[in-house]
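Visitor: Could you walk me through this one and tell me how each label is earned?
Guide: Sure, take a look and then ask away.

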Amino acid sequence: MSGTAHVHPEATLVPNKIELLAAWLPQQPWFDGDPTRLEKVAAFRLVDPDGEVGLDCMLIASNGSVFHVPLTWRDAPVDSADLIGTLEHSVLGTRYCYDAPTDPIYMAEVARVIREADTDADVVAEGEGDARARTISVHGTGSATGKKLGGVPVILRKLDGIWPEADAHLIGTWKPHGTGRTDVLATLG
C-alpha cells in the first residue's frame, strides 16, 4: 500500500475543485466534454514520500465520457509543473493546483506504484483513525514480462476501455452506476 493520505473533508475550498477544473479542462486537447456539466465519479490518492505535495486523482464524467484528471497540490508555486490555478483552503490556506503529469513528484510516484505493483493510498480524514471507503481501487501491475521497467509513465486522460500495449499498467477498478468497470490509467515501458 502506498501509505496514508490525510484529508480535511470539513474544509471549505474557494473555488471548489470542480469550479477550478471547469475553467481549465476546455483548454485541454483530450477533453471533449461539457465544462458546465462535470461530475466527480471516483477519486484516489497517492502519497508523496516527503509528505510535501498532495497527489489527488479524480475521474470526471462529462457528456457520457470519463476523464482521468490527476492533480498535485502545493503550498507554494513551482516552475517545474503546469499551473491549473489556485484555491483557498479553509484549513491549509492558499493551495497551488498543478496538472499532475507535468509534476515530477507525481510522475515518480506513479512510476514507482506501477513498477512495484503497489496500490493507491488509504485516505484518512484528519482526526480520524479509519480509512475512508474507496470509490476506486488502484494498483500497479509490475512487469508482465519480467523486463526491468524504466522510462516515464504515460498518463491516459480519456478512459475509453482501450488497453494500450505496454510492459506494465496502473489499473483502476470501480463501479459506476453499480456496474463493475476496469480502466488503464497509466502505462510504463
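**How the labels are earned**

Guide: Let's start with the largest pocket, where strand 3 gives the most to the lining, with eight residues. Keep in mind that this is a predicted model.

Visitor: What makes the residues closest to the centre of the largest pocket part of its lining, and which are they?
Guide: The pocket holds about 1,000 Å³ of space. Of its 40 lining residues, His6, Val7, His8, Lys17 and Arg45 are the closest to the centre. A lining residue needs an atom within 4 Å of a point, so these five count.

Visitor: Which elements give two or more residues to that lining?
Guide: Strand 1 (4-7), strand 3 (39-47), strand 4 (54-62), strand 6 (83-89) and strand 8 (122-125) do. By class, the lining of the largest pocket divides into 20 nonpolar, seven polar and 13 charged residues.

Visitor: How many cavities of 30 Å³ or more does a search of the whole structure find?
Guide: One. The largest cavity has a volume of about 40 Å³. It is called a cavity because a 1.4 Å probe fits there but cannot get out.

Visitor: What lines the largest cavity?
Guide: Leu156, Lys158, Leu159, Asp160, Gly161, Ile162, Asp183 and Val184. Strand 11 (158-159) and strand 13 (181-188) each supply at least two residues of that lining. The classes come to four nonpolar, one polar and three charged. Gly counts as polar, so Gly161 goes in the polar class.

Visitor: How do you know that strand 5 is mostly covered?
Guide: In strand 5 (residues 65-74), 10 of its 10 residues are buried. Buried means under 20% relative accessible area, so each of them falls below that cut-off. Ser65, Phe67, Val69, Leu71 and Trp73 point one way, while Val66, His68, Pro70, Thr72 and Arg74 point the other way.

Visitor: Why do you say that strand 5 and strand 11 pair?
Guide: Pairing takes at least two bridges, and strand 5 and strand 11 have two, in the antiparallel sense, so they qualify. Val66 has Leu159 as its bridge partner in strand 11.

Visitor: And what about strand 4 and strand 7, how many bridges does each have with strand 5?
Guide: Strand 4 pairs with strand 5 in the antiparallel sense over nine bridges, and Ile60 stands opposite Phe67. Four bridges join strand 5 to strand 7 (residues 93-99), also antiparallel, with Cys97 as the bridge partner of Trp73.

Visitor: What lies between strand 4 and strand 5?
Guide: They form a hairpin with two residues between them, and Asn63 is in the turn. Asn63 has a positive phi of about 55° although it is not a glycine. Most residues other than glycine have a negative phi.

Visitor: Is Asn63 buried or exposed, and how do you know?
Guide: Its relative accessibility is 54%, and exposed means over 50%, so Asn63 counts as exposed.

Visitor: Why is Ala117 called partly exposed?
Guide: Its relative accessible area is 42%, which sits between the 20% and 50% cut-offs, so partly exposed is the right label. Ala117 lies in the loop between helix 2 (104-115) and strand 8, with a positive phi of about 50° although it is not a glycine.

Visitor: Which residues does the cis peptide bond join?
Guide: Val14 and Pro15, with omega at about -10°. Pro15 is found in the loop between strand 2 (13-14) and helix 1 (17-24). Most peptide bonds are trans.

Conventions. Residues numbered from 1 in each chain as written. Predicted model: local features only at pLDDT ≥ 70, side-chain atom pairs only at ≥ 80, totals over all residues. Heavy atoms only, no water. 1 Å grid on protein atoms, 1.4 Å probe; cavity = no way out; pocket = protein on both sides within 12 Å on 5 of 7 lines; lining within 4 Å. Points joined across faces, edges and corners; volume = space filled by probe spheres on them. Buried < 20%, exposed > 50% of the residue type's maximum accessible area, 1.4 Å probe, protein only.
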